[in-house]
Amino acid sequence: MSQVRKDILNGWKEIGGYVCRDIRTVERWEKLRGLPVRRVPGAGRATVYALISELDKWLETRKPDDRDAAQVHQADFSSQPASPRPPPVDSPHPAQWDGTEAATSPEIGYFPAMPDIEDRAGLEENKPSAPSYELRTVPAGKTPATPLLGQQKWTAGVTIAVGFGLLCVLASPLVRSHADPAVQPSPYSLKSVTANSGAPYRSQVPGVDDLYLRGMYSYERRTPESLERSHNDFTTAIAKDPNYAPAYAGLANTYNLLREYSMMPEAEAYPKARAAAEHAVALDPRLPQAHAALGFIDFFWSWDTASAEREFQTALALDPSSVLAHHWYGSMLVHEGRYGEAIEQLDLAQRLQPTSAAVLSTRALALGLSGHRGEAVDMLQDVINETPGVSSPHAILAILSKVEPREPARFLDETRRVAELRHSDEMLRVAAAAEPAYRSGGENAMWQAILSVEERLHPGASNRTFLMAEAEAALGRNEAAFADLAQLAKRRDPEMVGIAIDPTLLPLHPDRRFGQLVAAVGLPPLAH
């Protein structure tokens with residue numbers, strides 16, 4: 001497997017360690033010298049991180065002054081032989097790694113067991129020129145314990161070539177020290193999982209692990225193009241090793257996203273996702289990302305809330321640090337209108353993966369729908385500034401622009417941006433018709449234009465769409481809106497899962513028929 005260095009540093013301590021300076025110095029460098037440090041949107045000033053690629057570029061363009069040069073740690077590691085990379089068996093929860101990024105959090109401990117997706121994607125530009133790792137081995141006859149969350153003990157000796165040629169020892173949590181023998185092994189450690197399930201977590205077929213990791217890297221990019229690459233990598237990995245459960249789970253989760261971020265129909269994506277996830281569980285019943293995939297499918301496609309809850313709880317019991325499970329469980333809670341519980345789950349996901357635009361966008365949706373639209377919009381704008389090519393924050397802004405006081409112009413702008421990023425010809429046509437209508441006739445004219453375009457694209461009384469129902473409700477045509485929604489519920493249209501939280505449908509809430517539609521989708525009763 002390719003040895004690729006970590007490409008994200010969380011917090012001032014890691015940033016300072018990378019450039020061989022103390023915290024005060026790197027804080028001063030950010031202010032006075034433009035050291036490239038980023039901040040997590042909506043997480044306060046204290047939550048900072050940096051990308052190694054940006055630090056290297058900055059270091060290459062700087063000339064250290066005499067004072068800085070006097071502080072450089074002089075070290076010669078040329079005589080130290082490189083040690084092998086620590087195997088996954090010495091990492092906490094390696095088997096459950098779901099491709100999400102590690103992060104530090106004072107509230108929930110450190111989760112550095114598996115490097116970031118960027119660390120392990122096999123990208124040539126991220127490879128260290130001469131890495132060496134200190135590997136502490138377990139004495140013969142002893143079994144390494146996997147400590148409980150927050151009880152890990154870490155040491156590292158990592159040599160990395162930095163910027164202008166300096167070599168420094170980065171105190172990074174890449175290697176675990178001997179665990180306290182009094183601490184009982186976690187039932188979800190690698191040995192326990194493989195012993196119970198019989199599924200390998202490191203393929204014996206050359207190249208399969210790298211295909212999986214590359215697929216996870218592309219998956220996290222969440223663009224139509226990257227998800228297609230992810231799909232190809234997972235299917236290739238499965239063809240090479242049909243018993244490699246993580247690749248099936250990755251494929252299932254890719255299908256779950258393809259229906260949202262590309263033009264793959266839900267009726268195609270969800271059945272394929274379920275087949276892949278069920279195959280992953282058959283190979284290994286204790287694979288958390290497979291259970292999280294099933295929870296997503298059960299809720300958003302099958303409308304089986306109870307089963308979805310069980311799957312998410314199973315995933316979180318198997319791996320409490322699964323960003324995927326916390327995120328998608330939080331998304332389910334948002335759609336149920338359980339905003340407080342949703343924010344709790346999404347806070348955990350954000351602490352585990354502070355740079356995820358998808359997690360931040362879902363958290364912003366929960367905040368915006370629960371009465372904090374201003375804070376949510378600011379958070380989403382920060383996400384867009386940091387990751388301009390991601391569509392999810394634009395999609396959430398489009399939804400929040402329909403919350404009172406409504407912002408029709410912003411709704412149109414964000415709708416167009418989502419259509420462009422997701423290559424949706426239908427939504428581009430809708431935006432093209434609605435924009436001039438709004439400029440000439442206002443909000444009602446906008447919704448009338450949207451309704452007209454949708455009816456041309458989906459002719460026939462039996463082909464009503466959720467957007468048509470929204471337009472009818474916005475125009476005050478409640479009976480037509482209810483007729484559309486009833487048809488959609490009968491057809492089990494996946495967009496009906498959003499019925500309880502759609503701001504455009506608020507005028508329909510007092511009617512008992514709306515409560516019946518909510519129940520038909522499997523959602524809890526509306527809170528009044």
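Me: Helices (H or I, at least four residues) and strands (E, at least two) are DSSP runs, numbered from the N terminus. In which loop is Pro 354?

Reply: The model is predicted: local features need pLDDT of at least 70, side-chain atom pairs count only at pLDDT 80 or more, and totals for chains, interfaces and linings use all residues. Residues are numbered from 1 along each chain as its sequence is written, and side-chain values use heavy atoms, without hydrogens and water. Pro 354 sits in the loop between helix 14 (339-352) and helix 15.

Me: Is Pro 354 buried or exposed?

Reply: Buried means under 20% relative accessible area, exposed over 50%, partly exposed in between (1.4 Å probe, protein chains only). Pro 354 has 9%. So Pro 354 is buried.

Me: How far apart in space are Pro 354 and Arg 39?

Reply: In sequence, 315 residues separate Pro 354 from Arg 39. In space, their C-alpha to C-alpha distance is 9.3 Å.

Me: How does helix 15 run relative to helix 17?

Reply: Axes are lines fitted to C-alpha atoms over the stretch in contact, with angles from 0 to 180 degrees between N-to-C directions. Helix 15 (residues 357-369) and helix 17 (residues 392-400) have axes 9 Å apart and an angle of about 10°. Under 35 degrees counts as roughly parallel, over 145 as roughly antiparallel, 65 to 115 as roughly perpendicular and the rest as oblique. Helix 15 and helix 17 are therefore roughly parallel.

Me: How many charged residues are in the contact of helix 15 with helix 17?

Reply: Contact means heavy atoms within 4.5 Å. Helix 15 brings residues including Ala 357, Leu 365 and Leu 369, and helix 17 brings Ile 396 and Ile 399 among others. Ala, Val, Leu, Ile, Met, Phe, Trp, Tyr, Cys and Pro count as nonpolar, Asp, Glu, Lys and Arg as charged, and the others, Gly among them, as polar. The tally is nine nonpolar, three polar and, for charged, no residues.

Me: Which helix gives the most to the largest nonpolar core?

Reply: A nonpolar core is a set of buried Ala, Val, Leu, Ile, Met, Phe, Trp, Tyr and Cys residues joined through side-chain atoms within 4.5 Å. The largest has 97 residues, and Val 334, Leu 485, Met 496 and Ile 499 have the most contacts inside it. Ten of its residues come from the top contributor, helix 9 (residues 245-261).

Me: Which residues does His 509 contact, leaving aside neighbours within four places in sequence?

Reply: His 509 lies in the loop between helix 21 (478-491) and helix 22 (512-520). Its relative accessibility is 17%, so His 509 counts as buried. Its contacts are Ala 500, Phe 514 and Leu 526.
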